[in-house]
There are 2 protein chains.
Amino acid sequence: MAPIPKTTRQWLLASKPTDMPVLSGSNQTFRLEDTPIPAVKDGQVLMKSLYYSNDPAQRGWISRDIKPGRLYRPPVNEGDVMSAGGLYEVVESKAETLKPGTIVLGYVGWTEYAVADAKVLIPVSTDALPEGLGVTQYLGAFGGTGMTAYYGLLEVAEAKKEDVVVVSGAAGATGSMVVQIAKKMVGCKKVIGIAGGAAKCKWVVEELGADACVDYKSGDFEANLAKETGGDAGNVDVYFDNVGGEILDFMLTRMALFGRIAACGAISGYNTALEKTAGLKNWFEVISMRIQIKGFIVLDFRARKGAREECIGYLIQGVKEGKLKIGKESEQVVKTKFEDVPKTWVKLFEGANTGKLVTEVV
Amino acid sequence: MAPIPKTTRQWLLASKPTDMPVLSGSNQTFRLEDTPIPAVKDGQVLMKSLYYSNDPAQRGWISRDIKPGRLYRPPVNEGDVMSAGGLYEVVESKAETLKPGTIVLGYVGWTEYAVADAKVLIPVSTDALPEGLGVTQYLGAFGGTGMTAYYGLLEVAEAKKEDVVVVSGAAGATGSMVVQIAKKMVGCKKVIGIAGGAAKCKWVVEELGADACVDYKSGDFEANLAKETGGDAGNVDVYFDNVGGEILDFMLTRMALFGRIAACGAISGYNTALEKTAGLKNWFEVISMRIQIKGFIVLDFRARKGAREECIGYLIQGVKEGKLKIGKESEQVVKTKFEDVPKTWVKLFEGANTGKLVTEVV
């Protein structure tokens, strides 16, 4: 192993973006800085970044539009290290529980090296995973992504066998898990994905097992989606929404009586200033069709004792029974030099990935 | 009593409006027609209109924008008698249960005389009401309006003593009942009304007992409402929404964590074509604050056995205990010639009424 340096590179938030994050120029969103590594105190470890989780939610943490007290976690302020979920290798330890060489999961952020309290870190090992799965799965299927899909679908949306389910962002990290759980584990009557482009839609149907997948980039999107969801009357019992915006607005017209919407994400609007947002127009459908909507954040479930274990157990069972496809096909690991970490992150908003987008720091 | 005529005047839907209903001219919304009164068959009665209920919801029944199967009742089509809740006096009967002279409640519509099956009519009498209350209360507090307020607040929004509650349309028929029930019956911690104009706001506070009422026509509306609802952070546990639109959009920024919204009506948009609607922009608040939204229609509760009796019993108890103010102050009965029935109805959309707007056919 390379000797431990005295300083570490970090990506700091330089300026909250108004729309798409800006990667260079005078108003760039992030800036790279070199800073001394602090001394490791008792109960702490020094660790090195291995992998970062890339999540659309991170865009919210750096939003200009979100007012104080209206976010589910402290916002990232200008001058702060950009926050991210990640996997790190312990390189020096003053904590009995974490030996050097241990791989840990934590929310530390885009810093090549970091000193952190052992108690906020979760040691992880592939031993606990089905054979062939790598440690990066703890950022995706066996991490926050999987928990979002599992609790969002089963507890928030209360999906049942008899339900017609629509999932937007179906080729994305969370959506691809939701599609699989709905179809293969719950056995929902019909599972319809929404994704961008023919290739992704094909993947959602052929690899994930959706009954249909509708391409929102196609000119016939609304007509095609209507055809798959009961025509004029609309028959969708559960809508798992990862995108918000115009697709959500149209989905309001597709819900069955007493249909349930799990509001998980709204990526379509994350890079648009609030005042330029198109807005939901079909609100009356919420009343006339008695639609039930619940916003949720995976943190609420994470805080619940035993929730992580319950979810991981369920998913491992699904993999063992051959129902869930989790593996290389469910993640895209992008080897990235530390100086290019933001570049990999913004791929999220280019619709480039299928499954979980993971940054491997090289 | 005047002799029974051979024909009756009726208001038919002439043309579905795109925005505000049009009362005269070539594209008028309703047209007055004279039509023969059919023979009364066994089990039927002939009855004469006494009072009509005026409800914003009726605008939805004649909307161009609502697609087939997306309304909670059959739409009123062009050429149909305009539908309305009403009180009628039986003038001829071939039904044992309903003697001539009986006053009945029914959804028959704007027809001066009507023949209807006795089984769809509910006989009503002031004997069952607290002293001094007239039969028109069955269209308001002791009818659909009261049930909407009661079930919407207690069952849909699950309002409890410890809740901060906001009610829009607080001076309207439903809103004025919700404010009173929340403050006087449930004893909610803080009840804030939203209404249009200083006079209505004064009425909501002084007569209905709200802790505060914010005037949405005032230039400081948002700042004033923010001040009453916890400042930046927002502290509203329950929002009973009668108006939708921009007020709802702003209210999304005022909800507390896990706040509940009962979506009852959206009068702000009823007279605006869908494509011209501003739309809800603050959707991300639903996710970040885990807001729960439920659309509802009073019909769902009406269909439940004993629900009407339960609600009326609760409200009578409230009146007897001196908690609820229901009476002349909670309704506006407008004496209206039959040829002017639509004119009284459109007052709903002019914000002219406080409490329930009732048409007395003279």
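Here is a short chat about two domains and one strand in this predicted model.

Modeller: Residues are numbered from 1 along each chain as its sequence is written, and chains are lettered from A and ligands numbered from 1 in the order in which they are written. Because this is a predicted model, local features need pLDDT of at least 70 and side-chain atom pairs count only at pLDDT 80 or more, while totals for chains, interfaces and linings use all residues.

Colleague: What makes domain 1 and domain 2 of chain A domains?

Modeller: Domain bounds come from an automatic or database domain assignment. For chain A that assignment gives domain 1 (7-66 + 75-141 + 327-361) and domain 2 (144-299).

Colleague: How do you know which residues of the two domains are in contact?

Modeller: Two residues are in contact if their C-beta atoms, placed from the backbone, lie within 7 Å. By that rule, 19 residues of domain 1 of chain A are in contact with 18 residues of domain 2 of chain A.

Colleague: Why are strand 12 and strand 13 of chain A said to pair?

Modeller: Strands (E, at least two residues) are DSSP runs, numbered from the N terminus, and two strands pair if DSSP finds at least two bridges between them. Strand 12 (residues 255-263) and strand 13 of chain A have four bridges, in the parallel sense, so they pair. Among the partners, Arg260(A) is matched with Gln292(A).

Colleague: What makes strand 13 of chain A and strand 13 of chain B a pair?

Modeller: Three bridges join them in the antiparallel sense, so the rule of at least two is met. Ile293(A) has Ile293(B) as its bridge partner there.
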